[in-house]
Amino acid sequence: MKTLLNLAGVACISALVFTACKKNVAETVVQEEVSSAVLSKIQNLGFSTQGVHKVANGYLVEGDITLTDENLNVPSSSPNLIIASEEQYRTTNLVTRLPRTITVSVTNLPTVYSDATNNAINRYNNQHLGITFQRVSSGGNIDIIGFNQGPSGGYITLGSSGFPTASGDPYNQIQMNTNAQAYGTNPDPLYMASVIQHEMGHCIGFRHTDYMNRAYSCGGRHQNEGSAGVGAILIPGTPSKPDANSFMLACSNGTNRTFNANDLIALNYLY
Ligand SMILES: [Zn+2]
């Protein structure tokens, strides 16, 4: 079984169906519950208005990113933007007051989610960055919770998160799908860890590596996720060519994808 995730993801039964799923990327537009005023704010922030969903604490955009009311209403202080090919980008806001320990808790989720979280934490901590993640039993700076949502339009969301606050704190929540069709009935903890690793990347300020054309990893029609607002700032030293295995590609290839060489350059540059 090949799984594509949209970090919103796509579960397909075979390579053939996989191709069919790719063609559906641009069709998963659910906008009716989002007002035109909100869509206008999202667009002004530089995000795609395709497939915007209302969620409890804001709006889900570009598959797995939550824009909160703060995100929507705080004016952009984004510096000049460098728009290039598939490279490493970050948001304007980063986690500040380094070195710093960020605690992570997992609330009401099966053991495999807990194990995957520990694995994702270790992947970051093994890089000896200015931020260190620490597992706690409850009330973490980032709390990982579950939601249960089946596929829609051929896609299934695997997880979601958001961006750092203007005051320099990480986004405080990661949501992971507990639906059996997201990770299967016997989830691979390493694959799940790669999804949590990706969502943690958003929490500390990483945008999608292919934000300018999510079709690069997701297939389907060219879709630029936009650049202003939260910012899309090129990280020096990362290549100006497609980076096929970046942990921050918008869509998963269904495998355990961790930091590649350019991801590590970006991580060390920022933290
Ligand atoms: Zn993402």
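**Strands, helices and the words for them**

Tutor: Let's start with E5 and E10: they run parallel and are joined by two bridges. In E10, glycine 162 is the bridge partner of threonine 66. Keep in mind that this is a predicted model, where local features need pLDDT of at least 70, side-chain atom pairs count only at pLDDT 80 or more, and totals for chains, interfaces and linings use all residues. Residue numbers start from 1 along each chain as its sequence is written.

Student: What makes something a strand or a helix here?

Tutor: Both are DSSP runs numbered from the N terminus: helices are H or I with at least four residues, strands are E with at least two.

Student: And how do you know that E5 and E10 pair?

Tutor: Two strands pair if DSSP finds at least two bridges between them. E5 and E10 have two bridges, so they meet that definition. E10 and E11 also pair over two bridges, but in the antiparallel sense, with serine 160 standing opposite glutamine 175 in E11.

Student: What is the order of the strands in the sheet?

Tutor: The order is E3-E4-E5-E10-E11-E9-E7-E8, in an open sheet of eight strands with mixed pairing.

Student: Why do E3 and E8 count as edges?

Tutor: Strand E3 (53-55) and strand E8 (131-135) each have a single partner strand, so one side of each has no neighbour in the sheet. For E3, three bridges lead to strand E4 (residues 58-61), and the two run antiparallel. One of the partnerships is histidine 53 with leucine 60 in E4.

Student: What makes E10 covered on both faces?

Tutor: Gly159 and Ser161 on one side, and Ser160 and Gly162 on the other, are all buried. Buried means 20 or more other C-beta atoms within 10 Å of a residue's own; 12 or fewer is exposed, and in between is partly exposed, with C-beta atoms placed from the backbone.

Student: Then why is isoleucine 235 called partly exposed?

Tutor: Isoleucine 235 has 19 C-beta neighbours inside 10 Å, and 19 falls between 12 and 20, so partly exposed is the right label. Isoleucine 235 sits in the loop between strand E12 (233-234) and H8.

Student: How many C-beta neighbours does tyrosine 271 have?

Tutor: Tyrosine 271 has 19 inside 10 Å, so this residue counts as partly exposed. Tyrosine 271 is in the segment after H8. Setting aside residues up to four places away in sequence, tyrosine 271 touches Leu98, Leu129, Gly130 and Ile131. Touching, or contact, means C-beta atoms placed from the backbone lie within 7 Å.

Student: What do you call the way H4 and H6 pack, and how do you know?

Tutor: Their angle is about 60 degrees, and their axes are 8 Å apart. Axes are lines fitted to C-alpha atoms, for helices over the stretch in contact, and angles run from 0 to 180 degrees between N-to-C directions. Under 35 degrees is roughly parallel, over 145 roughly antiparallel, 65 to 115 roughly perpendicular, and the rest oblique. H4 and H6 are therefore oblique to each other.

Student: Which residues meet there?

Tutor: Among them are Val112, Tyr113 and Ala116 in H4, and Leu190, Ala193 and Ile196 in H6.

Student: Which strands does H4 lie across?

Tutor: Helix H4 (residues 111-125) lies across strand E7 (100-106), E8, strand E9 (142-147) and strand E11 (173-177), at about 160 degrees to E8. Helix H6 (residues 189-203) packs on the sheet too, and its direction makes about 15 degrees with that of E10.

Terms used. Contact = placed C-beta atoms within 7 Å.
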